[in-house]
Amino acid sequence: MKRLLVTLASVVLGIAVVVGIGLVASVSGAEPDAIVAKQVGTKSTPKGELPHYEVHLDVYPNSSAAVPPPSAGTPINAELLSGQPFYKPSTSIQVPANSVVTIHFTQYDSGGQIYNPYFAKVHGSMDGTMTWNGKQVSEIKSSEVGHTFTVHQFPESTQPYLFLSVPLPMNPANAKTDSNGYPVDPQKISVTFITGEAGTYVWNCEFPCGDMYQEFGGPMQQRGWMAGTFEVVA
Amino acid sequence: MTTATSTLEASSSTVFGVEVPQPPQHGKPGGIMRHLNFGTGLLTGIVFAVAAGWITSALSSSSATNDTFAPTEPEYIYLAGLIGWVIGFMLGMGAFVGPLRWVTGRDLTHADAEYMAGKDLGIRRYFKFTTDHKVVGIQYLVVVLGILGLGGLLAMLIRTELGATWTEVFSPTFYNTIIGTHGIAMVIGMIVVMSGPVGNFIVPMMIGARDMAFPRLNALSLWLLVAAVVCLISSMFVGGIQDGWSVYYPLAAQAPPGMLGYQLTIIVFAVSTGIASVNLMTTILTMRAKGMTWSRTPILVFGVFAASLMGLYAFPFYQYSQILALTDRIWDTVFFNPVQGGSVWLYENLFWLLGHPEVYVILIPSMAVALEIMPVFLRRPLFSFNFAVAGIVGVVALSGLVWAHHMYMTGWAPAVNYPFMLSTEMISIPVGFLVLVAIGTFWRATVWTRLPLMAIYAVVFNKMIGGVTGVYLSDVPADQYFHGSMFVVAHFHYMLMGAGLFGAMGGIAFYFPKMTGRILDERIGSIGLWTAFAGFQITFGSMFVAGLQGQPRRVLQFDDMFNISNWISTIGAYVIGIGMLIFLAAIIYSWRSGEVASSNPWGSKSLEWQTPTPVPLENFAVLPVVTERPYNYGVPDPYEAELEAEDGDRTSDDRERAGVS
Ligand code: HEM
Ligand SMILES: [Cu+2]
Ligand SMILES: [Cu+2]
């Protein structure tokens, strides 16, 4: 009888510990709330007249009194990531399937040379270009990149094709800044592309803007900062 | 009233009938050791860690740099804290008391040494820097169960994530962290699971010695392990180990500060294993009982010796790799950082120079314990003692020549691969010897199936699957397909867990009566064992399928085509988890209120079972003399002996006739 009780207690306690720790880890590492694209009308495309949606994303060089940092899971992790760049308001992005989507970026960060010039070009937009401060361009100087927004597919054979990569130009070092240290006249970029069938993708920044070796550490690996999910929903 | 001078007079004391001159006794035996224990260790460790971190932060904030390439301030603080922890903890445990007293000319007396061995300390001796090998053995057992428990917990979380194919349970960074931490925790746990508890508790008795050759080093190795494990756990709170247990460059250089926790863990753990290895080897070489020639030495002793020897030559490579990685990270040296001219291949070579011998450090003691258990329950000698020894010697000889089979796909000159393919396929021959000896011993034997032997059935089966799949992986063309897939993961789990851990479970069940004075409950124990075994086949059998389909390892998201094998694998893992918890319950229950064991419940002939239970402080009042080979069991039919035992009224004469004295 005692034997049975000890056994039951061990199993139940063991499961409770696993579930407890799993829950804490799952909740503290949860994705930021998704930004959902808003419909702004329709747009004619080679595929016919499609609904047109918009998303706004801001890129900050660091947090400040005006712009709090994204969640980092734990206080220690927040300390480790303090002073690092991030996307706002969220890195979880949700857009509808079979639609035209325009993403408007406001880029406040500085930048420099990107290792792979491929990512200084626009890939996957409707006409192969983006709008940069009112001009149509298909690439920028590889030595003047601030960040990129690059959507990758999972290695899934069943996933509909989607590839989008947008370079976000840097602000010059002598740009006039406001009291929080952000440029008063940031870089404004918009890119328009067409989504296919529903699917879940990941995206990240390809410009080494993090810390540690080759500056590919820290926020570069952190959801909510320089990486996120991109969901196309039916 | 005694004067101060008279208490400090040199004296002598009688040790086993011999007058030994003693240094003067200062104060009560034990001195400062009387006030030190695990609690003071924890306290000093934390105080030192906080102090070191605080000083570092005060010093570094003045010279803060804006260079993002360089490590950040928390990096230095964490490193200083870790070093402070290790030093403070060891200090607070009393690890430095002996050396300090020696350099100050106040060497320990015999009475001090007896205090340190835990004489008359009761339960308290388990929480101190105790030198008695039996106490160290028990401490190792508890620590190892903790480490394996941590690894198991993380395994459950990994499988939960992989099984929940429709959602992301954990963030990718946390998922990477649990993969790396599970891997290294399990590896550390499995390296010590046999050499720690059984090597320390049983081996000295098995060779007829009164303690280990270096009792204080013995305690040192244990508490260094504890210090190291705390570094490992702490890493999970500062970004974790995100690059797998092998932490290749340059990923390791980009990782968060948790990587420092990994590096410190390995550096300290390597010291711990080095000390433990030297100690075990010296003990085995010099302290065997009179008459215990090599051919009369039990096979487990060979196994533990071999594991120590391999650990001793292999661990330094790993330790250097992590020391160099640490300097790369903190002081910007360029041993491994590729863009500055370092070599990632150098890292990989250093890593696998330990990485492969380590699997034999894990496997050989488990195989040896299997071969030790079999003759007792089959009541017959080993099929071939000499072949078993030759197998162990062969594995040791080749163990250092196979490491680069992990690097076939790294893109170096392909011709380099073939010598390693050859050596790897060659090493399966001595490993095969061990399996063949096991099978030969089973051949037409009358088996007396008790819990320890059941574990050995599991070992033989799993080892076979692991061995067969390993041959494919060692083959360069086949490995091009398998490399980096779940097939690899399934293969090494068959080896490390299927053979290693199940063997260790058998070893624990076998020696439990000697270590705790009680029989490990066979009902719960065997339910746990077989549940875990069944779950194991489901988990890793299905993982072979996922691997053959092409699922990559260490990857959080995968194609839908792998869903079914992952669901099955996850269900199997939960079954393992429940089985292991049941086995753990058997340990907990039996330790507290199990059936009281006689001093030799299995009727074994080896020396460790000839001591009384509980084993007295010095093991043997009179040192034994060995006159025959270890496994000369004469009784053909163990059932008869068991039936007799059930009669209840068997006399010592009956027992003698049955050969189970
Ligand atoms: C309940 C039992 C266990 C389960 C369910 C389990 C499961 C897993 C899984 C799913 C992985 C990750 C595979 C991947 O995606 O790469 C893994 C990795 C690993 N496991 Fe286990 N495991 C168990 C026990 C053990 C044991 C006893 C050892 C003994 C040494 C061990 C050693 C390792 C190692 C070294 C890795 C590699 C980590 C890395 O890729 O860096 N595991 N395990
Ligand atoms: Cu970036
Ligand atoms: Cu290997």
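**Close-up views of a predicted model**

**View 1. Cysteine C205(A) is buried, at 1% relative accessibility.** Here buried means under 20% relative accessible area, exposed over 50% and partly exposed in between (1.4 Å probe, protein chains only). C209(A) also counts as buried, at 11%. Over all chains the disulfide count is zero, with a disulfide taken as a pair of cysteine sulfur atoms within 2.5 Å. The model is predicted, so local features need pLDDT of at least 70 and side-chain atom pairs pLDDT 80 or more, while totals for chains, interfaces and linings use all residues; side-chain values use heavy atoms, without hydrogens and water. Residues are numbered from 1 along each chain as its sequence is written, and chains are lettered from A and ligands numbered from 1 in the order in which they are written.

**View 2. Two histidines of chain B bind the iron atom of ligand 1.** H182(B) and H493(B) each donate NE2, lying 2.0 Å from the iron atom; donors are N, O and S atoms within 2.8 Å of the metal (3.2 Å for Na, K and Ca), and since water is not among the atoms, sites may look incomplete. The two residues are 311 apart in sequence: H182(B) belongs to helix α7 (residues 172-195) of chain B and H493(B) to helix α19 (residues 486-516) of chain B. Helices (H or I, at least four residues) and strands (E, at least two) are DSSP runs, numbered from the N terminus. The six donor atoms make angles of 85 to 178° and the site is octahedral, a label that requires opposite donors over 155 degrees apart and all others between 65 and 115. H182(B) is buried at 13% relative accessibility, and H493(B) is buried at 14%.

**View 3. Three histidines coordinate the copper ion (ligand 3).** The donor atoms are ND1 of H356(B) and NE2 of both H405(B) and H406(B), at 1.5 to 2.0 Å. In sequence, the donor residues follow the spacing H-x48-H-H. H405(B) is buried at 11%, whereas H406(B) is partly exposed at 24%.

**View 4. Six strands of chain A form an open, mixed sheet in the order β1-β5-β13-β12-β9-β10.** Strands pair if DSSP finds at least two bridges between them. The edge strands β1 (35-36) and β10 (164-169) have a single partner each, so one side of each is left without a neighbour in the sheet. β5(A) and β13(A) are parallel, with five bridges, and Q94(A) has E231(A) as its bridge partner. β12(A) and β13(A) run antiparallel and share six bridges; N204(A) stands opposite A227(A). On the β9(A) side, three bridges hold an antiparallel pairing with β12(A), in which T150(A) is partnered by N204(A).

**View 5. V95(A) lies in strand β5 (residues 92-96) of chain A.** V95(A) is buried, with a relative accessible area of 1%. Leaving out residues up to four places away in sequence, its contacts (heavy atoms within 4.5 Å) include A37(A), V55(A), F230(A) and V232(A). V95(A) and A37(A) are 58 residues apart along the chain, with C-alpha atoms 5.3 Å apart. In strand β13 (residues 227-233) of chain A, five of the seven residues are buried.

**View 6. Helix α1 (residues 2-28) of chain A packs against chain B through its buried residues.** Among these are V6(A), V11(A), G14(A) and A25(A), and the partner helices are α6 (133-163), α7, α20 (522-549) and α21 (563-593) of chain B. The end C-alpha atoms of α1(A) are 38 Å apart, which agrees with the 39 Å expected for 27 residues; the expected span is 1.5 Å times one less than the number of residues.

Definitions and conventions: Four donors count as tetrahedral if all angles lie between 85 and 135 degrees; four count as square planar and six as octahedral if opposite donors are over 155 degrees apart and all others between 65 and 115; anything else is irregular.
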